[in-house]
Amino acid sequence: MTSRRLVGFALCLVFAAAAHGAAEAEGPTFYEDVLPILQENCQECHRPSGGKIYRGGVPMSLTTYEDARPWARAIVRQTASKEMPPWDASEHFDGVFRNERGLTDGEIATLRRWVEAGARPGRPEDGPEPVDWSDDEGWAFPNPDLVLKMPEPYYVEDDVKDIYTKHRLVLTPDILPEDKWVQEIEFRRGSELVHHFNIFVKGPNDEETRGDGNYLGGATSGSPPHVWPEGYGSLLEVGATLTFDLHYHKEPGPGSGGWDQSSIALKFATKPVEHPIHFFPISNFEFEIPAGHDYWHDFAERTFEQEVTILGMLPHMHMRGREAKYTAFYPDGSEELILHVPDWDFDWQEIYWYGEPKVLPKGTRLRIDMWFDNSPEEAEHWGFNADRDVVFGPMSTDEMLMGFISCVYSDGEPPRRQGRGRATETAGGE
């Protein structure tokens, strides 16, 4: 190579290095660096149809640069504080639950550097293909096998604060031509007036089944879909009766009412199901939270007479709920904390799905501890009355102590019905 060519080649290397350094100095861009983070961690909620799934909706979509740019600094604040993505289990359980949300320190730093460098868009061709949310009608999993709605719309009157209603749908052959095992179920509020709803199923030959039948599942604010592993599911029979059990909650007043026709989406198992799912609460109905108490403690428990495999857990309280723990006391005398939610949120009630199902041997006692805040400060925030003792009740201004579990039993049958829970004799400060 001639000296002139050597000089030219060297200059090319210098210019290329300088250009690369300049690009690095300019910082991350939306399409190349930020969009992959948003697609993986944020767009499940922050998309045009995300408000159909989550109570109160979402303040913005983050699917395009034009959507995200006005919120750039807010994104940095919320992710740096770890308010977003929302996840309330303690750090002790990092990596345990398959639906865990959270950004790595590197991802948080990328978002910060993007804003510090001017929140540049970059080139669309440098980014991933956009996720197509246009045809999924807002479902977290696209293309469900069956969508079922309440049989008729229901109007919540202006003067209502809390009301519970039941709506029954018979699964005739034109709706469900053959028996199916449900492997995924997602719940959609038809209105922001819905606080939560539950689905019960009563088989066509289950005349002796109490009430509305077996609990298929339910959703509160922020609950994700129920997704069970291969080989697990819930049976849906032709001719069964599906009951939509809904709780509506709002502030009463002129113009506050509205229509609702909530729905569920189902995906059916494509392979044989060997493990029928059961979903139920371990509950305490006998507690009494003193007026003004800011850290009242009580618990419920159940001892299992057979081996139980837990797939997921949902701690449920109302407005005064503050903290929840699930503790397994094993037959060999050892114990294990299997869930801790230190800052439980009435408006974001999560189902914690195990990455690997948790097996509790026969004789395990599962204890659900919960703490409640009935202080004037909490009352001012939520709008309840802190000057009264509070007991179990259905309204949001009452309380509940329920530790739901999604599980299967070693012999396929649920255990015999146990008592109504157990209350502590002492309270607070534990």
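In strand S11, the residue that bridges to Leu146 is Leu266. I start with that pair as a way into the fold, and I should say at once that this is a predicted model.

Leu146 belongs to strand S1, residues 146–149, and S1 is joined to S11 by 4 bridges, with the two strands running antiparallel. S11 also pairs with strand S4, residues 180–188. That pairing is antiparallel too, and it has 6 bridges. One of the pairs there is Glu184 with Lys267 of S11. Is S11 enclosed or open to the outside? Of its 6 residues, 263–268, 5 are buried, so the strand is largely enclosed by the rest of the structure. As background for those new to strands, side chains in a regular strand alternate between the two faces of the sheet.

Now the chain as a whole. It has 6 helices and 22 strands. There are 430 residues in the protein chain, and buried ones make up 49% of them. Take the contacts in the chain with a separation of 6 or more: 81% of these are between residues 24 or more positions apart.

Next, a second sheet. This one is open, has 4 strands in the order S3-S9-S5-S6, and its pairing is antiparallel. Which strands stand at the edges? They are strand S3, residues 162–170, and strand S6, residues 214–219. Each has a single partner strand, so one side of each is left without a neighbour in the sheet. On average, neighbouring strands here are turned by 20° against each other, if direction is ignored. For the pair at one end, strand S5, residues 194–202, meets S6 in the antiparallel sense over 5 bridges. Within that pair, Ile199 has Gly217 of S6 as its bridge partner.

On to the helices. I will look at helix H4, which covers residues 72–80. Its buried residues are Ala72, Ala74, Ile75, Val76 and Thr79. What do they pack against? The answer is helix H3, residues 65–68, and helix H5, residues 105–116. It helps to recall that an α-helix has 3.6 residues a turn, so residues three or four places apart point the same way.

Let me stay with H4 and H5. Two packed helices are described by the angle between their axes and the distance between the axes. For H4 and H5 the angle is about 150° and the axes are 9 Å apart. That angle makes H4 roughly antiparallel to H5, since anything over 145 degrees counts as such. The crossing is left-handed. On the H4 side, the residues that meet H5 are Ala72, Arg73, Ile75, Val76, Thr79 and Ala80. On the H5 side they are Ile108, Leu111, Arg112, Trp114 and Val115. Just after H4 comes Lys82, which takes a positive phi of about 65°.

The last topic is charge. Side chains of opposite charge can pair when their charged atoms come close. How many salt bridges does the structure hold? There are 12. I will go through three of them.

Asp126 pairs with Arg123, and their closest N and O atoms are 2.9 Å apart. Asp126 has 30% relative accessibility, so it counts as partly exposed. Arg123 is also partly exposed, at 47%. These two residues and Glu125 are linked in a network of salt bridges.

The second is Lys271 with Glu230, where the closest N and O atoms are 3.7 Å apart. Lys271 sits in the loop between S11 and strand S12, and Glu230 in the loop between strand S7 and strand S8, so the pair ties together parts that are 41 residues apart in sequence. Lys271 is partly exposed, with a relative accessible area of 49%, while Glu230 is exposed, at 56%.

The third is Arg365 with Glu301, with closest N and O atoms 2.9 Å apart. Here Arg365 lies in strand S20 and Glu301 in strand S15, so the salt bridge ties together parts that are 64 residues apart in sequence. Arg365 is partly exposed, at 27%. Is Glu301 buried or exposed? Its relative accessibility is 17%, so it counts as buried, the limit being under 20%.

That is the end of my part.

Conventions. Residues numbered from 1 in each chain as written. Predicted model: local features only at pLDDT ≥ 70, side-chain atom pairs only at ≥ 80, totals over all residues. Heavy atoms only, no water. Buried < 20%, exposed > 50% of the residue type's maximum accessible area, 1.4 Å probe, protein only. Pairing = 2+ DSSP bridges. Contact = heavy atoms within 4.5 Å. Salt bridge = Lys/Arg side-chain N within 4 Å of Asp/Glu carboxyl O. Axes fitted to C-alpha atoms, helices over the stretch in contact; angles between N-to-C directions. Parallel < 35°, antiparallel > 145°, perpendicular 65-115°, else oblique. Left-handed = near helix turned anticlockwise from the far one by under 90°.
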